[in-house]
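Hi everyone, thanks for making the time. I'd like to walk you through one model today, so let me put it up on the screen.

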Amino acid sequence: MFQTAVFYAFAAILLFAALRVITARNPVHAALFLVLAFATASGLWMLLEAEFLAIALILVYIGAVMVLFLFVVMMLDINIDRLREGYWDYLAPGLAIAGIMVAEMAVVLWGRQFGLISMPAPVPRPADYSNTRELGGLLYTQYVYAFELAAVILLVAIVAAIALTLRRRKDSKFQDPARQVVVRKQDRIRIVTMPAEKRAGGDQ
Amino acid sequence: MEFFEQLLGPAWPAIWTLAKIVAIVLPLMGLVAYLTLAERKVIGYMQVRIGPNRVGPRGLLQPIADALKLLTKEVIIPSGANKFLFVFAPVMSIMPALAAWAVIPFSPQVVLANIDAGLLYVMAITSMGVYGVIIAGWASNSKYAFLGSLRSAAQIVAYEIAMGFALVGVLMISGSLNLSAIVERQAGSWGALSWNWLPLFPMFLVYLISGVAETNRAPFDVAEGESEIVAGFHVEYSGMAFAIFFLAEYANMILVSTLCAVMFLGGWLSPVPFLPDGFIWFAAKVAVVLFLFLWFRATFPRYRYDQIMRLGWKVFIPVTLIWLVIVGGWMQTPWWPWGQS
């Protein structure tokens, strides 16, 4: 009973936050609503006994991805009027894509073949049951090739992303820390001894 | 206790948990208050000054006077600020600093929630602390505050990766994400030599230094950098809203020290085999790490921003990655003296 109430509360917050992500006028507000959506989704996964996924969602998406996202969005100089130009032109293709997505989800969620209607509730486990250990065991035994393949694809994507942004200017100045730390006093200053000068005038 | 259980009926577990939360948070707040005094005194003596010595005997009531002063001041909301986010930011920064204490084991049985994914929970909760800084900087509608929050965002993302890898090393040796199990795994016949700091020494250093960077403490305090951007992200805050940022910073310092004690310094275990284990050792270890924080602040000048980035990405992350491979290989050989997990 209590769990059902929590589920509906979380679901309502999630829907509201997701809706605000696309309707908020200010992009920073939209990004913060996306953070709220992730946090609520993580709560829902926790209700499904998927503790590792729930915590990983917070750690990766809220703790890292959205921070970088906000970092970029906060620095953008966005003209809201220009963004709203062509709203009606994009409406029809947008609605078509949304319709296709809803239809696909309906096929999976309501379809007889997938049997999601008769999906049993997850078995509650005691607090010392390690969800993470089970996941790790599966990932590194049964699904090891798929897992490594995904890792390699991600690595290639990272290398490609860095290679795309790597434009080195010829005339840019930069520091070489290795050379900075081997510098000795003799390389930078020269101590000169010279006799004291006599004062030119009289007493004053 | 059974009397209360009968009196309150089904509400009893919630009330009992609340009581335990209060029993953790109240001493923590006291500790924060006196940590500020300790900081001023320690840095004072390191700079051959006396530090605060006027309020109460030897200045012992100074933090209380500070708290009263901040409580009675007005909270000014800048005219161009986003009001909701401006007030919400201090809450976002104190929430993770307090929530992470739920899984910290103080001594063998004393822990609020002994969950299996304790380490992951701590990492997830502490990674949310940066939102307080980012939202504060953005909502203030001030250039200085905004620069501070951008600096903080980039810095915290960089150091969190190194911190995460250092904790992966702890996870490999312990074979568990449960913080109590991590401490118990460090028990051994050699006392302090059985703790994780020895096999994971490079990671211990990386964790400690990343902890200083994560809490925005000197020498990594570019997010507030007084001499460059006035007070950084909290430049527009006054009164209690400012005090909450202050509380969060010191609570985070205590949290990082505690995690350091739990993961690398054996938690409540005694450093010498002939003395009994207990909470006193835990408190002593936390105090030593906290002293290091104050010592760093009194000793080192502030890092330059590009040097901070270089240290995080080009030094710490490779060091932890290489040490992960070394420890992983070493654990498979018969010459691993710290026992099997």
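Let's begin with a single side chain: B:Arg40 is partly exposed, with 38% relative accessible area. This is a predicted model, by the way, so please hear everything I say in that light.

What does B:Arg40 form a salt bridge with? The partner is B:Asp66, and the closest N and O atoms are 3.0 Å apart. B:Asp66 also counts as partly exposed, at 24% relative accessibility. B:Arg40 sits in helix α2 of chain B and B:Asp66 in helix α3 (residues 62–72) of chain B, so this pair ties together parts that are 26 residues apart in sequence.

Now to a second pair. B:Arg217 forms a salt bridge with B:Glu39, with 2.5 Å between the closest N and O atoms. Here B:Glu39 belongs to helix α2 (residues 12–46) of chain B, while B:Arg217 lies in the loop between α9 (201–214) and α10 (226–229) of chain B, so the pair ties together parts 178 residues apart in sequence. Are these two buried or exposed? B:Arg217 counts as buried at 2% relative accessibility, and B:Glu39 counts as buried at 2% as well. For anyone setting up charges, the cut-off for buried is under 20% relative accessible area. There is also a network of salt bridges here, linking B:Glu39, B:Arg217, B:Glu249 and B:Arg297.

A third pair joins B:Arg302 to B:Asp221, whose closest N and O atoms are 2.8 Å apart. This one links distant parts of the chain: B:Arg302 is in the loop between α12 (279–299) and α13 (305–332) of chain B, B:Asp221 is in the loop between α9 and α10 of chain B, and they are 81 residues apart. B:Arg302 counts as partly exposed at 25% relative accessibility, whereas B:Asp221 is buried, with a relative accessible area of 9%. Over all chains, the count comes to 6 salt bridges.

Let's turn to the nonpolar side of things. The largest nonpolar core has 114 residues, and B:Tyr131, B:Leu179 and B:Phe264 touch the most other members. Take B:Leu179: leaving aside neighbours within four places in sequence, B:Leu179 is in contact with B:Val103, B:Ile104, B:Pro105, B:Gly118, B:Leu119, B:Val122, B:Val262 and B:Met263.

And chain A? Chain A has 9 helices and 0 strands. Of the 204 residues in chain A, 16% are buried. Looking at contacts in chain A with a separation of 6 or more, 56% are between residues 24 or more positions apart.

That brings me to where the two chains meet. How many residues does the contact take from each chain? There are 27 residues from chain A and 27 residues from chain B. About 2300 Å² is buried between chain A and chain B, and carbon and sulfur atoms give 74% of that. In chain A, the residues losing the most area to chain B are A:Ile55, A:Leu59 and A:Met74, together 25% of what that side buries.

As for polar links, the rule finds 0 salt bridges across the interface of chain A and chain B, and the count of residue pairs in polar contact is 3, both residues at pLDDT 80 or more. On the side of chain A that touches chain B, two or more residues each come from α2 (27–47), α3 (51–75) and α6 (131–140) of chain A. α3(A) gives the most, with 14 residues. By class, that side of chain A has 18 nonpolar, 6 polar and 3 charged residues.

That's my tour. Thanks for listening!

Definitions and conventions:
Residues are numbered from 1 along each chain as its sequence is written. Chains are lettered from A and ligands numbered from 1 in the order in which they are written. This is a predicted model: local features need pLDDT of at least 70, side-chain atom pairs count only at pLDDT 80 or more; totals for chains, interfaces and linings use all residues. Side-chain values use heavy atoms; hydrogens and water are left out. Contact means heavy atoms within 4.5 Å. Buried area is the accessible area (1.4 Å probe) that two parts lose on being put together, summed over both. A salt bridge is a side-chain nitrogen of Lys or Arg within 4 Å of a carboxyl oxygen of Asp or Glu. A polar contact is a pair of N or O atoms within 3.5 Å; within protein, one must be able to donate a hydrogen and the other to accept it, and residues adjacent in sequence count only if both atoms are side-chain atoms. Helices (H or I, at least four residues) and strands (E, at least two) are DSSP runs, numbered from the N terminus. Ala, Val, Leu, Ile, Met, Phe, Trp, Tyr, Cys and Pro count as nonpolar, Asp, Glu, Lys and Arg as charged, and the others, Gly among them, as polar. A nonpolar core is a set of buried Ala, Val, Leu, Ile, Met, Phe, Trp, Tyr and Cys residues joined through side-chain atoms within 4.5 Å. Buried means under 20% relative accessible area, exposed over 50%, partly exposed in between (1.4 Å probe, protein chains only).
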